[in-house]
Amino acid sequence: MTQRTPYSDVVLVCPVTIPYERFSEHSAHRWLGTALKELIAQSGLKKNEIDGVCVSSFTLGSDTAVGLMQHFQMSPRWLDHIPMGGASGVVAMRRAARAVQCGDATVVACIAGDTNQRESFKNTVSAFSRFSQDAVYPYGAAGPNGSFALLTDYYMQHYGATREDFGKLCVAQRDNALRNPHALMKKPLDLEQYMAARPIAGPIHLFDCVMPCAGAEGYLVMRREQAEQLNLPYVEILGTIERHNAFPEDPVQYRGGWAMDIDDLYHMAQVTASDIDFLETYDDYPVINVLQFEDLGFCAKGAGPQFIRDNTFTIDGSFPFNTSGGQLSVGQAGAAGGYLGLVQALRQLTHCAAETQVKNATVGMVSGFGMINYDRGICTAAAILKRGHA
């Protein structure tokens with residue numbers, strides 16, 4: 001395999017979250033623009049000093065990142081539009097870091113955001129992919145609940161996971177969310193309430209499902225020297241991977257593309273799973289968390305249920321996990337959901353996570369998962385990040 005070039009001297013700064021709302025009549029452009037405005041304010045840069053932009057959104061309508069630049073009155077010399085859902089945050093970081101490293105851009109603003117008007121989610125799902133429109137919806141299946149019910153049922157039957165296992169993760173994430181002012185879920189959740197929740201698509205019940213909302217997330221990519229000149233706390237990229245349409249021969253997805261590249265990830269980062277202080281995963285349903293525990297090397301394939309039973313997942317637990325509360329308790333702001341874990345990891349590693357801070361966090365892992373078509377998500381990505389000098 002070709003040796004990956006390190007991301008030397010390229011760093012991540014200024015994690016921003018535009019507080020989520022259950023519904024919004026504003027456009028996606030407004031949410032993305034607000035994230036950009038906050039990045040400019042936090043960094044002290046002028047807008048014209050940001051010469052690269054990377055955008056992810058499902059609700060820009062007929063616009064792409066190009067049209068958005070006209071709205072923003074910007075003329076970047078590097079521009080990308082990442083349509084990879086839950087993998088967008090890590091993939092954007094990879095693209096932007098190489099652009100900065102190669103000199104194609106000096107500062108890249110990575111932003112993701114979506115609005116959530118009354119019909120937004122229905123419209124997004126109905127036009128999600130050609131595969132869904134041609135080969136899924138005509139047979140009566142519609143939307144992600146049915147897809148993840150299939151994955152969850154398969155995993156439970158093959159590996160012995162129980163609803164209590166998934167519930168333990170959901171309860172821990174809610175506990176973490178109660179410390180996060182941006183989380184939309186404000187009420188405590190216990191296992192009894194989780195188990196008693198109404199069924200949605202067997203075996204999935206209410207608290208296994210994310211709630212669509214509006215919001216935006218963002219961060220900046222620049223050289224270390226510039227971050228130090230601006231006196232910005234920064235985070236280093238130790239290693240990162242992405243993979244698409246992995247294991248197409250599997251009858252139902254029980255593993256993701258991470259499994260193909262995990263050795264490469266740890267080799268590039270020069271750390272092991274035991275060095276990771278916290279993990280932020282894409283979590284639109286709890287079963288995908290368990291696949292990530294296994295495929296990212298924290299336990300063997302099929303050992304996810306026992307891993308859950310052996311650990312605690314709150315911020316001060318034995319395995320700090322989705323420390324913002326994750327999408328299951330913060331909300332799923334469209335493509336911004338693919339940034340939620342990465343932005344929270346930047347807060348952890350710059351020690352600005354406030355009440356959600358993991359003590360002495362130095363090395364963290366972020367993973368993404370996106371674009372599910374019936375029985376599998378076809379985008380995966382992950383990154384190992386390290387706290388830089390303050």
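**Exercise 1: the second largest cavity**

What volume does the second largest cavity have, and which residues that line it are closest to its centre?

Step 1. The volume comes to about 120 Å³.
Step 2. There are 20 lining residues, and Thr281, Tyr282, Gly337, Leu340 and Gly341 are the closest to the centre.
Step 3. Here's what the words mean: on a 1 Å grid over the protein atoms alone, a cavity is a set of points where a 1.4 Å probe fits but cannot get out, while a pocket is an open set with protein on both sides within 12 Å along at least five of seven lines; a lining residue has an atom within 4 Å of a point. Points are joined across faces, edges and corners, and the volume is the space filled by probe spheres set on them.
Step 4. Now the elements, which are DSSP runs numbered from the N terminus (helices are H or I with at least four residues, strands are E with at least two). Helix H13 (326-330), helix H14 (337-349) and E10 each give at least two residues to this lining. H14 has the largest share, with seven residues.
Step 5. Sort the lining by class and you get six nonpolar, twelve polar and two charged residues. The classes go like this: Ala, Val, Leu, Ile, Met, Phe, Trp, Tyr, Cys and Pro are nonpolar, Asp, Glu, Lys and Arg are charged, and the others, Gly among them, are polar.

Before you go on: this is a predicted model, where local features need pLDDT of at least 70 and side-chain atom pairs count only at pLDDT 80 or more, though totals for chains, interfaces and linings use all residues. Numbering runs from 1 along each chain as its sequence is written, and side-chain values use heavy atoms, with hydrogens and water left out.

**Exercise 2: the other empty spaces**

How many cavities of 30 Å³ or more are there, and what lines the largest cavity?

Step 1. The count is four.
Step 2. The largest cavity holds about 520 Å³ of space.
Step 3. Its lining has 35 residues, and Phe121, Val125, Phe128, Pro144 and Gln332 lie nearest the centre. Helix H4 (120-126), helix H6 (144-159) and E10 are the elements giving two or more residues to that lining.
Step 4. By class, the lining of the largest cavity splits into 20 nonpolar, 13 polar and two charged.
Step 5. Then take the largest pocket, at about 250 Å³. It is lined by 13 residues, with Met185, Leu206, Phe207, Cys209 and Met211 closest to its centre. Eight residues of the pocket lining are nonpolar, one is polar and four are charged.

**Exercise 3: the sheet**

In what order do the nine strands of the open sheet run, and which are the edge strands?

Step 1. Read the order as E3-E2-E4-E7-E1-E8-E11-E10-E9, with mixed pairing.
Step 2. The edges are strand E3 (78-81) and strand E9 (278-280), each pairing on one side only. Two strands pair if DSSP finds at least two bridges between them.
Step 3. At one edge, E9 pairs with strand E10 (residues 363-373) in the parallel sense, over three bridges. Leu279 stands opposite Met365 in E10.
Step 4. Helix H1 (residues 28-43) packs on the sheet and touches strand E1 (10-21), strand E2 (52-56), strand E4 (108-114) and strand E7 (214-223); its direction makes about 135° with that of E1.

**Exercise 4: two helix pairs on H11**

At what angles do H10 and H7 pack against H11?

Step 1. Axes are lines fitted to C-alpha atoms, for helices over the stretch in contact, and angles run from 0 to 180 degrees between N-to-C directions.
Step 2. The axes of helix H10 (residues 258-269) and helix H11 (residues 286-295) come within 9 Å and cross at roughly 40°, so H10 is oblique to H11. Trp258, Ala259 and Ile262 of H10 meet Ile288, Gln292 and Asp295 of H11.
Step 3. Helix H7 (residues 163-177) and H11 pack at about 100°, with axes 9 Å apart, so H7 is roughly perpendicular to H11. Phe166, Leu169, Cys170 and Gln173 of H7 make the contact with Pro286, Val287, Asn289, Val290 and Phe293 of H11. Contact means heavy atoms within 4.5 Å.
Step 4. The angle labels are: under 35 degrees roughly parallel, over 145 roughly antiparallel, 65 to 115 roughly perpendicular, and the rest oblique.
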